[in-house]
Amino acid sequence: MQAWRVHRNGEPSEVMRLEEADRPTPGEGQVLLKVRAANINFPDALLCRGQYQVRPPLPFTPGVEICGETEDGRRVIANPVLPGGGLAEYVVADAAALLPAPEALDDAESAALHIGYQTGWFGLHRRAALEEGETLLVHAAAGGVGSAAVQLGKAAGARVIGVVGGADKAAVARELGCDVVVDRHADDIVAAVKEATGGRGADVIYDPVGGDAYAKSAKCVAFEGRIVVVGFASGDIPAPALNHALVKNYSIMGLHWGLYATKDPRSIARCHKTLTEYAAKGLIKPLISERVAFKDAADAVQRVADGTTTGRLVVIPDGVGR
């Protein structure tokens, strides 16, 4: 089979190679899946760079999220077992963790449903307890992670403020349903949020960016607000001033969604059931900005790494219908 493989750590466009590889063999409790679509996530870039919390042995194949097909023809969502990631024609995955692909979503949309939307749901509901009528601020609202949070926030009945970088991304955020859009290149984020909330600030802030985005969040979070720390796409890990959190009475919440697979795996299945119902009702639909040819996967991972994309880039293996 063909697979993209990384033999040394570095920038994705420099270290990813398209090669012939042996089809993987499932171990005990695993299944072989034909990859129908592989969603690109920022962790794929971190894996290439050797900066992710999991460091698979070299060589490895990136791709942490797919829509695949079982040997009996079922469409499923899976997280491939590294080092054999999803940017390949076949993968193995843990049988117990397979989830049915929603009928309302095609292969590319199903591939982009799992990590981003599960992270959003757990962050907004299990961690921050977002309530109907509250104001939700989402950083990088036009990106893959942010766009999921925007849709989930609207589904929960929240008023959503989306922060983006540039006019094109602002247009995408409006199409997603953001009630207010703030362009960090042209607007003062703190002033814009306070103006939109009558000076109160945002009740829940969803931050996959870190760095300056977090610094701005601490300045415009409401009384008893919750800042959900999801990631550090900016590359800058902030050091929160806890005295500031004390004085302003807000909470800082970390979210490592992957821990639920070992700490509370049943919650993942329950969340997927909810997401499937949302998809059937049209409340959520992954924003697929591009369906990428298999030969262009390395370039696509690099673009996600560089932060130049909107929505999701999904790689479609050769011979699979788009």
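This is a tour of a predicted model, going from the whole chain to single residues and open spaces.

**The whole protein**

Start with everything shown as a cartoon. The secondary structure comes to 12 helices and 15 strands. Along its principal axes, the C-alpha trace spans about 60 × 40 × 35 Å. The radius of gyration is 19 Å, which agrees with the value near 20 Å that a compact globule of 322 residues would have.

Next, turn on the surface. The protein exposes about 14100 Å², and carbon and sulfur atoms supply 49% of that area. Of the 322 residues, 54% count as buried. Among contacts between residues at least 6 apart in sequence, 66% join residues at least 24 apart.

**Strand 3 and the loop before it**

Select residues 30-39, which form strand 3, and pick out Leu32 within the strand. Is Leu32 buried or exposed? Its relative accessibility is 14%, and under 20% counts as buried, so Leu32 is buried.

Now show what surrounds Leu32. Leaving aside residues up to four places away in sequence, Leu32 touches Arg23, Pro24, Pro26, Glu69, Thr70, Glu71, Tyr90, Val91 and Val92. For a long view across the model, draw a distance from the C-alpha atom of Leu32 to that of Val182; the two residues are 150 apart along the chain, and the separation is 45 Å.

Step back to Gly27, in the loop between strand 2 (16-20) and strand 3. Gly27 has 34% relative accessibility and counts as partly exposed. Draw a second distance, from the C-alpha atom of Gly27 to that of Val92: these residues are 65 apart along the chain, and their C-alpha atoms are separated by 8.3 Å.

**The second largest pocket**

Select Met1, Pro24, Thr61, Pro83 and Gly84. Of the 18 residues that line the second largest pocket, these lie nearest its centre. The pocket has a volume of about 230 Å³.

Colour strand 1 (2-6) and strand 6 (90-94), since each supplies at least two residues of the lining. Which element gives the most to this lining? Strand 6 does, with 3 residues. By class, the lining of this pocket divides into 13 nonpolar, 3 polar and 2 charged residues.

**Two cis peptide bonds**

Pro83, one of the residues nearest the pocket centre, is worth a second look at the backbone. The peptide bond from Leu82 to Pro83 is cis, with omega near 15°. Pro83 sits in the loop between strand 5 (75-78) and strand 6.

Move to Pro59, in the loop between helix 2 (42-49) and strand 4 (66-69). The bond from Leu58 to Pro59 is also cis, and its omega is near -10°. Most peptide bonds are trans.

**Helix 5 and the largest cavity**

Hide the surface and select Ala112, Gly116, Tyr117, Gly144, Ser147, Ala148, Pro286, Leu287 and Arg312. These residues line the largest cavity, which has a volume of about 40 Å³. How many cavities of 30 Å³ or more are there? The count comes to 1.

Colour helix 4 (114-127) and helix 5 (144-155): each supplies at least two lining residues. The largest share, 3 residues, comes from helix 5. The lining of this cavity has 5 nonpolar, 3 polar and 1 charged residues.

Stay on helix 5 and select Gln151. At 9% relative accessibility, Gln151 counts as buried. Beyond residues up to four places away in sequence, Gln151 touches Tyr117, Leu176, Leu283, Ile284, Lys285 and Pro286. Tyr117 and Pro286 also belong to the lining of the largest cavity.

**Two positive phi angles**

Go back along the chain to Ala140, in the loop between strand 8 (135-139) and helix 5. Its phi is near 55°, a positive value in a residue other than glycine. Ala140 has 33% relative accessibility and counts as partly exposed.

The last stop is Glu224, in strand 12 (residues 221-229). What is the phi of Glu224? The angle is positive, about 60°, although Glu224 is not a glycine. Most residues other than glycine have a negative phi.

Notes:
Residues numbered from 1 in each chain as written. Predicted model: local features only at pLDDT ≥ 70, side-chain atom pairs only at ≥ 80, totals over all residues. Heavy atoms only, no water. 1 Å grid on protein atoms, 1.4 Å probe; cavity = no way out; pocket = protein on both sides within 12 Å on 5 of 7 lines; lining within 4 Å. Points joined across faces, edges and corners; volume = space filled by probe spheres on them. Helix = DSSP H or I, 4+ residues; strand = E, 2+ residues; numbered from the N terminus. Nonpolar A, V, L, I, M, F, W, Y, C, P; charged D, E, K, R; others polar. Buried < 20%, exposed > 50% of the residue type's maximum accessible area, 1.4 Å probe, protein only. Contact = heavy atoms within 4.5 Å. Rg over C-alpha atoms; globule rule 2.2 N^0.38 Å. Areas by Shrake-Rupley, 256 points an atom, 1.4 Å probe, with all protein chains shown as cover.
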